[in-house]
Amino acid sequence: MTDVVIVGSGPAGLVAADKLSAAGNKVVIADRMPSPARKFLLAGRGGLNLTHSEDIDGFLGRYGSARSFLEPLVRRFDPQALQRFAEELGQETFVGSSGRVFPRAMKASPLLRAWLARLEKQGVTFRLRQTWEGQDAEGRNLFRTQDGSLDALPSRATLLALGGGSWPRLGSRGDWLSVVEGWGVDVAPLRPSNCGFLCNWSPFLAERFAGQPLKRIELAHGDIRQRGEAMISRTGIEGGAVYALSASLREAIASEGEAVLFIDLRPDMDMAALSARLSRPRAKQSLSTFLRKAAGLSPLEIALLRESVAPQDGTAEALAAAIKQVRLKLTGTSGMERAISTAGGIRLGALDDGLMLRQRPGVFAAGEMLDWEAPTGGYLLQACFATGMAAAEGILAYLGSGKAAA
């Protein structure tokens, strides 16, 4: 009999398989896709952001309400441990100017190749193109194979690492939720996180400026402020600075039907300095030309300013205030298929300290299918690795306790 079946070949599942197989366990990893770690590879296309170098207290604060659950797990497998893990696989890391940590190769494929080679050496078996459909009455995992047949795989323990519901074309479709809920496990609906938002642009702005960036801006919602960049899409706004506010914006839309996002187009210039620039004689210049020359606004920023407050004239102070607080009304999220990650999933109280489901002895869960969320910047991958490691430790304790044979 297999010792452990791991369902899902993302970072949480792979790191658990690494630890479990290194301890001498027979491990099988099953995945519905034709090759492992599809989403991990996608994340690495623009530079694999493994983790972040900020101090641990600030780091842990990024997990919001899930901090108390994740803190002991991340402290046991912290950013330095993740860097050492990558370096053991021959992938030296470095800290970028933003504090983010990357492998020197700036992509996921070299790390993944070395990782899979080590798993193969440790005896891990992969069963690909097999879709998990739950367990039978005997606790065997059921997989729908490529030819449509149903295969039952017995094991001493199971780790579910199926991911959330973002980027469903890469395998994380969230269809496991109904199975787990049917076991009596407490779950929260999956919701997009680190996502873009819908805004009712005018046809002019949508057609003229879709795909163009807003650089060196500061976004605000409630008490949360975030500097960075964003991008205008045909239907709304997205990008790193927006993603950092996504949880707050999403919850406001859910409760109030809309959310107001404020944009400071000149965060490095205070009101007095900006007003002084806008007090210069305008002469015969159009408002657009004047704003471009006096405040350095781009055509997109000018269009955005008009979209928000439509300034035609007014005092320098009024124009400065409008530039420092462009108001956008957001009406919804851009959808799960474009979200980087998801919120929701198995509620954290449904797990014991070893990440085993309280309602399903011998079944553990890790990664993005748990109900936590975090901004981009390395925090997502760090928690996936840390929960995968913690689940592996829980499985080792479970197998060693004799419960699996009971």
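**Exercise 1. State which residue stands opposite N141 in strand 9, and describe the pairing of strand 8 with strand 9.**

Solution. N141 stands opposite L153 of strand 9. Strands here are DSSP runs of E with at least two residues, and helices are runs of H or I with at least four, both numbered from the N terminus. Strand 8 covers residues 141–144 and strand 9 residues 150–153. The two pair in the antiparallel sense over four bridges, where pairing requires that DSSP finds at least two bridges between two strands. Their hairpin has five residues between the strands, and G148 takes a positive phi near 95° there.

The model is predicted: local features need pLDDT of at least 70 and side-chain atom pairs count only at pLDDT 80 or more, while totals for chains, interfaces and linings use all residues. Residues are numbered from 1 along each chain as its sequence is written, and side-chain values use heavy atoms, with hydrogens and water left out.

**Exercise 2. Follow strand 13 into strand 14, and strand 14 into strand 15.**

Solution. Begin with strand 13 (residues 213–221) and strand 14 (residues 224–232), which pair in the antiparallel sense over seven bridges. I217 of strand 13 is placed opposite G228 in strand 14. Two residues lie between these strands in their hairpin, where G222 has a positive phi near 60°.

Next, strand 14 pairs with strand 15 (residues 236–238), again in the antiparallel sense, over two bridges. M231 has E238 in strand 15 as its bridge partner. The hairpin from strand 14 to strand 15 runs through three residues.

**Exercise 3. Give the strand order of the open sheet of five strands, and explain why strand 6 and strand 19 each have one side without a neighbour.**

Solution. The order is 6-2-1-10-19, and the pairing is parallel. Strand 6 (125–128) and strand 19 (363–365) are at the edges with a single partner strand each, so one side of each has no neighbour in the sheet. From one strand to the next, the twist averages 20°; angles run from 0 to 180 degrees between N-to-C directions, and axes are lines fitted to C-alpha atoms, for helices over the stretch in contact.

At the strand 6 edge, the partner is strand 2 (residues 27–31), paired in the parallel sense over four bridges. D31 stands opposite L128 in strand 6.

**Exercise 4. Give the strand order of the open sheet of three strands and identify its edges.**

Solution. The order is 3-5-4, with antiparallel pairing. Strand 3 (51–52) and strand 4 (93–95) are the edge strands; each has a single partner strand, so one side of each is left without a neighbour in the sheet. Strand 3 pairs with strand 5 (residues 100–103) over two bridges, and T51 has V101 in strand 5 as its bridge partner.

**Exercise 5. Determine how helix 4 and helix 15 cross, and which residues make the contact.**

Solution. The axes of helix 4 (residues 67–76) and helix 15 (residues 379–401) come within 9 Å and cross at roughly 85°. The two helices are therefore roughly perpendicular (65 to 115 degrees; under 35 counts as roughly parallel, over 145 as roughly antiparallel, and the rest as oblique). Helix 4 contributes L70, L73, V74 and R76, and helix 15 contributes Q382, A383, A386, T387, A390 and E393; contact means heavy atoms within 4.5 Å. By class there are six nonpolar, two polar and two charged residues (nonpolar: Ala, Val, Leu, Ile, Met, Phe, Trp, Tyr, Cys and Pro; charged: Asp, Glu, Lys and Arg; polar: the others, Gly among them).

**Exercise 6. Describe the crossing of helix 11 with helix 14.**

Solution. Helix 11 (residues 271–278) and helix 14 (residues 316–324) have axes that come within 8 Å and cross at roughly 125°. That angle makes helix 11 oblique to helix 14. M271, L274, S275 and L278 of helix 11 meet A316, E317, L319, A320, A321, I323 and K324 of helix 14. This contact has eight nonpolar, one polar and two charged residues.

**Exercise 7. Locate K39 and list what K39 touches.**

Solution. K39 lies in helix 2 (residues 38–43). Leaving aside residues up to four places away in sequence, K39 touches S166, W167, L170, I340, S341 and E368. With E368, the side chain of K39 makes a polar contact of 3.2 Å (a pair of N or O atoms within 3.5 Å; within protein, one must be able to donate a hydrogen and the other to accept it, and residues adjacent in sequence count only if both atoms are side-chain atoms).
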